[in-house]
Amino acid sequence: MKEKITPHLQRKIRDGSNAIASQFQVQSTLGDNVTPNDPLGEETLFSPAKGIVHKYPNRVLWKTTYHCAAHCQFCTRIRQIGSPDGDLEDADIISALCYIQSHPEIDDVILSGGDPLVVPQTSMRIIAGLRNIPSVRVVRIGTRLPIHSPKSIGSPQVKMVFRELQACADNFQTYVLVHVNHPDELDYEVVDAIRTICAHSFPILSQTVFLKNVNDKEDVLEELFKKLYYMGVVPYYIYRCDYVKGLEQFVCDIVREREIMTTLHKRMSGIALPQYIIDVEGVGKIPVPLGFWDVPDITRCRDYQDKIVQL
Ligand SMILES: *Cc1c(COP(=O)(O)O)cnc(C)c1O
Ligand code: SF4
């Protein structure tokens, strides 16, 4: 994937953040000859209309674009990001809306990408369409723009999207899902940008990806989740990095990941703790059980001090 780094992130790299450098700088060109796969089967198995991934019965993921303000080198959609192929014409938006309308079991639509806030015009059309579908009760905006370019959150176009969502409050509930991986990402400008989103009174949740040598340490994740928790952002999911060709350098040891999450569960409030999830190829999201239970004997478990408890 081509390197694309915003001035905001460039500044942080210059100021010495290795965590930012490893996420955005191209480390080697070795991966250029491999064709990244589609581990989640988004195109082949579950796409009934351009941009739509319908894997779980009641919710759909809507890829509004393949553009992002910066390119995260570990992106699951490495094969698509930056390409104009994901641009949606009005006709694509209409067919996707028709699909959603004709499936009233869908009550939850996740605008993703790419980054829906990078294409505010497209997002506005989508939101206006969703407003007229009574079965849609939740719309989520998955974004990393506050991290990539916090100033952009204050731009007139992005503000317009948030105002439009606010105007839809009687039609559906909006949630904002911010993708954030390391405490270095949460500087005062980013915190300000997130506060601007909060001011629209949408609940804000966060999503994180386990990244080798970036955040695969108890202390780093504890600091990240606490910073989020202190500012009113609820950590929602932490994903195991998808096993996409070309991303091997980012994939952590699964046993270590589980150990980290188990330790954090002993240290922190449940509010500050995201669910640890693996998105299994061709299957879907599966929560990983932490180390409190001696499976398969589910009558015994361990408490936060590691003492055995007989139920
Ligand atoms: C992650 C995902 C969702 C949303 O899952 P939740 O558990 O509801 O957050 C929906 N559809 C697809 C295809 C996804 O990958
Ligand atoms: S913001 Fe999300 S979709 Fe865009 S490159 Fe980063 S991980 Fe991928």
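Which residues touch the most other members of the largest nonpolar core? In this predicted model, they are Trp62, Ile100 and Leu130. The core in question has 63 residues. In soluble globular proteins, nonpolar side chains tend to be buried together.

Leucine 130 illustrates the pattern of contacts. Leaving aside residues up to four places away in sequence, leucine 130 touches Trp62, Leu97, Ile100, Val109, Val136, Val139 and Phe172. Two of these partners, Trp62 and Ile100, are themselves named with Leu130 as touching the most other members of the core. Another core lies apart from this one. That core has 16 residues, among them Ile20, Ala21, Cys241 and Val251.

Two helix pairs were examined. The first pair is helix 4, residues 120-131, and helix 6, residues 156-167. Their axes come within 9 Å and cross at roughly 5°. Angles under 35 degrees count as roughly parallel, and helix 4 and helix 6 are therefore roughly parallel to each other. On the helix 4 side, the contact involves Pro120, Gln121, Met124, Ile127, Ala128 and Arg131. Helix 6 contributes Gln157, Met160, Val161, Glu164, Leu165 and Ala167. By class, eight residues of this contact are nonpolar, two are polar and two are charged.

The second pair is helix 8, residues 218-230, and helix 9, residues 254-267. Here the axes lie 10 Å apart, and the packing angle is about 50°. That angle makes helix 8 oblique to helix 9. The crossing of helix 8 past helix 9 is right-handed. From helix 8, the contact draws on Glu218, Asp219, Leu221, Glu222 and Phe225. From helix 9 come Arg256, Glu259, Ile260, Met261, Thr263, Leu264 and Arg267. Six residues of this contact are charged, five are nonpolar and one is polar.

Phenylalanine 225 belongs to helix 8 and takes part in the contact with helix 9. Is this residue buried or exposed? Its relative accessibility is 0%, so phenylalanine 225 counts as buried. Residues up to four places away in sequence are again set aside. On that basis, phenylalanine 225 touches Thr208, Pro235, Ile238, Met261, Leu264, Met268, Ala272 and Pro274. Among these partners, Met261 and Leu264 are also listed on the helix 9 side of the contact with helix 8. Aspartate 294 is 69 residues from phenylalanine 225 in sequence. In space, the two are 27 Å apart, C-alpha to C-alpha.

Key:
Residues are numbered from 1 along each chain as its sequence is written. Chains are lettered from A and ligands numbered from 1 in the order in which they are written. This is a predicted model: local features need pLDDT of at least 70, side-chain atom pairs count only at pLDDT 80 or more; totals for chains, interfaces and linings use all residues. Side-chain values use heavy atoms; hydrogens and water are left out. Axes are lines fitted to C-alpha atoms, for helices over the stretch in contact, and angles run from 0 to 180 degrees between N-to-C directions. Helices (H or I, at least four residues) and strands (E, at least two) are DSSP runs, numbered from the N terminus. Angles under 35 degrees count as roughly parallel, over 145 as roughly antiparallel, 65 to 115 as roughly perpendicular and the rest as oblique. A crossing is left-handed if the near helix is turned anticlockwise from the far one by less than a right angle, and right-handed if clockwise. Contact means heavy atoms within 4.5 Å. Ala, Val, Leu, Ile, Met, Phe, Trp, Tyr, Cys and Pro count as nonpolar, Asp, Glu, Lys and Arg as charged, and the others, Gly among them, as polar. A nonpolar core is a set of buried Ala, Val, Leu, Ile, Met, Phe, Trp, Tyr and Cys residues joined through side-chain atoms within 4.5 Å. Buried means under 20% relative accessible area, exposed over 50%, partly exposed in between (1.4 Å probe, protein chains only).
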